[in-house]
Amino acid sequence: MAPTPPTKPKSPAPEDEVSSTFTLPDGRKLGYAQYGSPTGKPIIILHGLAASRLDGAYFHEDAKSLNARIIGLDRPGMGLSSPQPTRKLLDYPKDVQLLTEHLKLDDYAVIGISGGGPSVLACAKELPPTKLKAAAVVVGLGPPDIGMSGAQFVNRLGFPYGFRFCPEFLNRWFWRLDAYGRVDLSDEKRLEMVLESVEKSKSKMSKEELAIMRDKNMHRLGLSTTREGFRQGYSGVLLDGKLCCLPFGFRAQDIRPDLPIHLWYGKQDINVPPNHGVQLADRLGSRAVLKLEDETHITLMANRKREILENLLKAM
């Protein structure tokens, strides 16, 4: 099947018009943003590492035409969500469930993107079977024992040990080496740095990938969502990374057997190598629908996001 031509991601409104907070019983705030069709089938987006609730905007245009309601969430210490320094991976589904009750959602699906992979697996394990109807892991990290064979050096350095043992000062230094982490600069300056980096690396990209990587709208959205990810500093992102490296507290095999879980991975992905999808599919067994596409970490989201929504909506 040929990939659907990518639609340019764009936010439907200024951030303060799509974003809200919900006060949890312990007094913490949970930040979220809504996109797509307000009356459509609800799909909760769990963002990537160093991102935020604004990841939901990637799906906005497709969600509108497919009648899907997109709800992007901030994890603790990022965006508008209060820090929770002692949290464990299995704590987050409790926050998600409380928000779904607050929003009076009868049922819903969840998508975890990249570093949101562990969070969506935790939600698949913990959220009520009467409410959670389907899940998708999109180029997402699996359990840390899978390893990072096939990943580029910086990702093999970070997972599963780098983030686990990284001190605060080194984490801050690492993120400030990259334009996405330079939140001290304006987004236009950061965009200029990103595009310069793309041009320096263009000889390593296919024509299709280069066209996507030159898309200013895509990068503007990415710069917005990472700015929110670092809104409270770099500590929340560090803890998020550590939780991806620690034992999850459950096995993929422990997820309820009747929950359809769609696994989307790129054969050319050097950030989260496709072996994560292959091994997750093996552990999940009949729950899993594995899609191994001829894509990279970035192009899979750009080219397949409509297909991701369509498949998830059919499973709900």
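Hi everyone, let's start with a helix. The buried residues of α10 pack against α4, α5 (153-165), α6 (168-175) and α9 (216-229). Before I go on, please keep in mind that this is a predicted model.

So, which residues of α10 are buried? They are G236, V237, L238, D240, G241, L243, C244 and C245. Put as a count, 8 of the 11 residues in α10, which spans 235-245, are buried, and the helix is mostly covered.

Now let's turn to the sheet. If you have the picture open, look for 8 strands forming an open sheet. Reading across, the order is β1-β2-β4-β3-β5-β6-β7-β8, and the pairing is mixed. The edge strands are β1 and β8 (288-293), each pairing on one side only. From one strand to the next, the twist averages 25°.

Let's walk in from the β1 edge. Strand β1 covers residues 19-23, and 5 bridges join it to β2, with the two running antiparallel. Together β1 and β2 make a hairpin with 5 residues between them. In that turn sits G27, with a positive phi of about 95°. To help you line the two strands up by eye, S19 stands opposite A33 in β2, and T21 stands opposite G31, again in β2.

Is β2 mostly covered or mostly uncovered? Strand β2, residues 29-36, is mostly covered, with 6 of its 8 residues buried. On from there we reach β4, residues 68-73, which is joined to β2 by 5 bridges and runs antiparallel to it. One pair to look for here is G36 with its bridge partner R69 in β4.

The next step takes us to β3. This time the strands run parallel: 6 bridges join β3 to β4. Here you can find I43, whose bridge partner in β4 is I70. Why is β3 described as largely enclosed by the rest of the structure? Because 5 of its 6 residues are buried.

Next, what lies on the sheet? Helix α4 lies across β3 (41-46), β5 (108-113), β6 (132-138) and β7 (261-266). Its direction is at about 160° to β6. Helix α11, residues 275-284, also packs on the sheet, where it touches β7 and β8. The direction of α11 makes about 160° with that of β7.

While we are at β8, let me point out one residue. L292 has its place in this strand. Its relative accessibility is 31%, so L292 counts as partly exposed. Which residues does L292 touch, leaving aside those up to four places away in sequence? Those are Y265, K267, P274 and V278. For a sense of distance, take L292 and G158: they are 134 residues apart in sequence and 24 Å apart in space, C-alpha to C-alpha.

Let me finish with two helix pairs. Two packed helices are described by the angle between their axes and the distance between the axes, so listen for those two values each time.

The first pair I'd like to show brings back α4, residues 117-126, now with α3, residues 92-102. Their axes come within 9 Å and cross at roughly 70°. That is why α3 and α4 are roughly perpendicular to each other. The crossing of α3 past α4 is right-handed. Who meets whom? From α3 we have Y92, P93 and V96, and they meet S119, A122, C123 and E126 in α4. Sorted by class, this contact has 5 nonpolar, 1 polar and 1 charged residues.

The other pair is α7, residues 187-200, with α9. What are the distance and the angle there? The axes come within 10 Å and cross at roughly 125°. That makes α7 oblique to α9. Here too the crossing is right-handed, with α7 passing α9. On the α7 side, the contact is made by D187, E188, R190, L191, V194, L195 and V198. On the α9 side, the residues are K216, H219, R220, L223, S224, T226 and R227. By class, the contact of α7 with α9 has 5 nonpolar, 3 polar and 6 charged residues.

And α9 takes us back to where we came in, as one of the helices that the buried residues of α10 pack against. Thanks for listening!

Technical notes
Residues are numbered from 1 along each chain as its sequence is written. This is a predicted model: local features need pLDDT of at least 70, side-chain atom pairs count only at pLDDT 80 or more; totals for chains, interfaces and linings use all residues. Side-chain values use heavy atoms; hydrogens and water are left out. Axes are lines fitted to C-alpha atoms, for helices over the stretch in contact, and angles run from 0 to 180 degrees between N-to-C directions. Helices (H or I, at least four residues) and strands (E, at least two) are DSSP runs, numbered from the N terminus. Angles under 35 degrees count as roughly parallel, over 145 as roughly antiparallel, 65 to 115 as roughly perpendicular and the rest as oblique. A crossing is left-handed if the near helix is turned anticlockwise from the far one by less than a right angle, and right-handed if clockwise. Contact means heavy atoms within 4.5 Å. Ala, Val, Leu, Ile, Met, Phe, Trp, Tyr, Cys and Pro count as nonpolar, Asp, Glu, Lys and Arg as charged, and the others, Gly among them, as polar. Buried means under 20% relative accessible area, exposed over 50%, partly exposed in between (1.4 Å probe, protein chains only). Two strands pair if DSSP finds at least two bridges between them.
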